[in-house]
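Trainee: Could you take me through one helix of this model, up close? I'd like to hear what its two sides do and what it packs against.

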Amino acid sequence: GLVNQLSYFPIDVLRFTLAALTRVRPDVVGIMETEIWHNFLWSAKTLGSRCVLINGRVSDRSFSRGRWVKFFYESVLPRFDRVLTQTETDAERLQFLGARNPEVFGNTKFDEAVDGAEISREEARVRLGIPAEARVIIVGSTRGDFEQKWVVEALAQFKAETDLFIVHAPRHLETADDLHQLVKQAFGQVARRSLGEAGRYLILDTYGELGWAYRAGDIAIVGGGFDRLGGQNLIQPLAAGLPVVRGPNFQNFASAAALADREGLTRVAVTPSQIAEAVRRWLDDPTSRRAIGAKAQTLMADQQGASARYATALLSEATQSTAKRSRPAKR
C-alpha cells in the first residue's frame, strides 16, 4: 500500500535508461543518498523531469576517491535541480564536487528508527521467548567471519551467567549457518528464529525483525565497524534506549556515531576483550545503563522529521513540474 508500482532500476546504459523513463515519464525523480548514475540522470533531464537528490551523503572514503574523479561529479551533479543532504559536511563535500546550492535536510535513518516503537519491551521479549527478568544483549548486523568470530569470542566470556540472553542478527542471512557453528562451539547450544526456536543464544536469521527486536534488549553490539566495513545502523538501538558497543570504523554513519559518542551513549572497542569489557561495565551498572538509554531515546527523537521534509520537497517539485508541463507552448 505504500507504492503504486515497483520496478527494477534500469542498468545505466543509455538505451535502457531512456527506454525506461520514456515509458514512465516521471514529473520528479528522487535519488536516494549516493545512487548517482550518469545516463539515468541525462535521460531524466532530457525528458523534462525534475531531479532531486535526497538524504544525500558523502562518506570519508567516497570523498577521498571522489576528489580524484572530480570531473565525473562535475558533469553529473549539476543535473540535479535540488541537492538535499544529511549534514553540513555532506553539503560542503557535494558542493566541492560540483553540486549547486545544496541544502541540509537531515537524515531519514532517524525516522526509520521508530519502526517497531509500538512494540513494548515486554511484548518483544515474549515474541523472542526471553524471560521478563533476564538481561539481554542484542547483536545487530555483524558482517563476515571476522566480526562474527570476534563478537562470539567476546560473548563466550558470559556463558556461565544463566540470566543473560543473547539475540544475534547477522547482516547477511547466508552467513547464518557459519554463525550457528561458531555459537555452538562456544556455547554448546544455539537456537534459530527461522525454525521457531528460543534459547539463551538466539540467531535472528529472519528478515525485518531486528528493528523491534532491539526493544527487548538492555545493551546493543552493532557490527560493520569492527572490520573496515563502514559500520551499520546504530540509530535503531539508540532509539530503542540501548547503549551501544561498536567498532572504530563507522564512516557510513559518521554523524550519528559522532553525536552518540559525544553524548556518552556508545563505547568503541577494537578487540574482543574490549567488547567484553564494555559489555561487562554496563551489565554491572544498570542505573547508568538505564540513564544512558533514556538519554539516547530523547536525543534520537530530537533528530527525527527529515523524512517529512524530503517528502514535502518532492511534492513541491512535482507541483512545479506538472504546472510547467500544463502551460501552453509559446508561439
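Mentor: Sure, let's take helix H5, residues 88-97, where Asp90, Ala91, Arg93, Leu94 and Leu97 are buried. Buried here means under 20% relative accessible area, exposed means over 50%, and partly exposed is in between, with a 1.4 Å probe and protein chains only. Helices are DSSP runs of H or I with at least four residues, strands are runs of E with at least two, and both are numbered from the N terminus. Looking down the axis of H5, the buried residues fall within an arc of 165°, so they line one face of the helix; that arc is taken from the directions from the helix axis to the C-beta atoms. Over on the other side of H5, Glu88 and Glu92 are exposed.

Before going on, keep in mind that this is a predicted model: local features need pLDDT of at least 70, side-chain atom pairs count only at pLDDT 80 or more, and totals for chains, interfaces and linings use all residues. Residues are numbered from 1 along each chain as its sequence is written, and side-chain values use heavy atoms, leaving out hydrogens and water.

Now the packing. The buried residues of H5 pack against strands S2 (50-56), S3 (82-85) and S4 (103-104), and against helices H3 (60-66) and H4 (70-76); contact means heavy atoms within 4.5 Å. As for how the helix ends, H5 is followed by Gly98, which has a positive phi, near 125°.

For another buried charged side chain, look at Arg289 in helix H14 (residues 286-302). Arg289 touches Asp218, Ile219, Pro243, Trp282 and Leu283, leaving out residues up to four places away in sequence.
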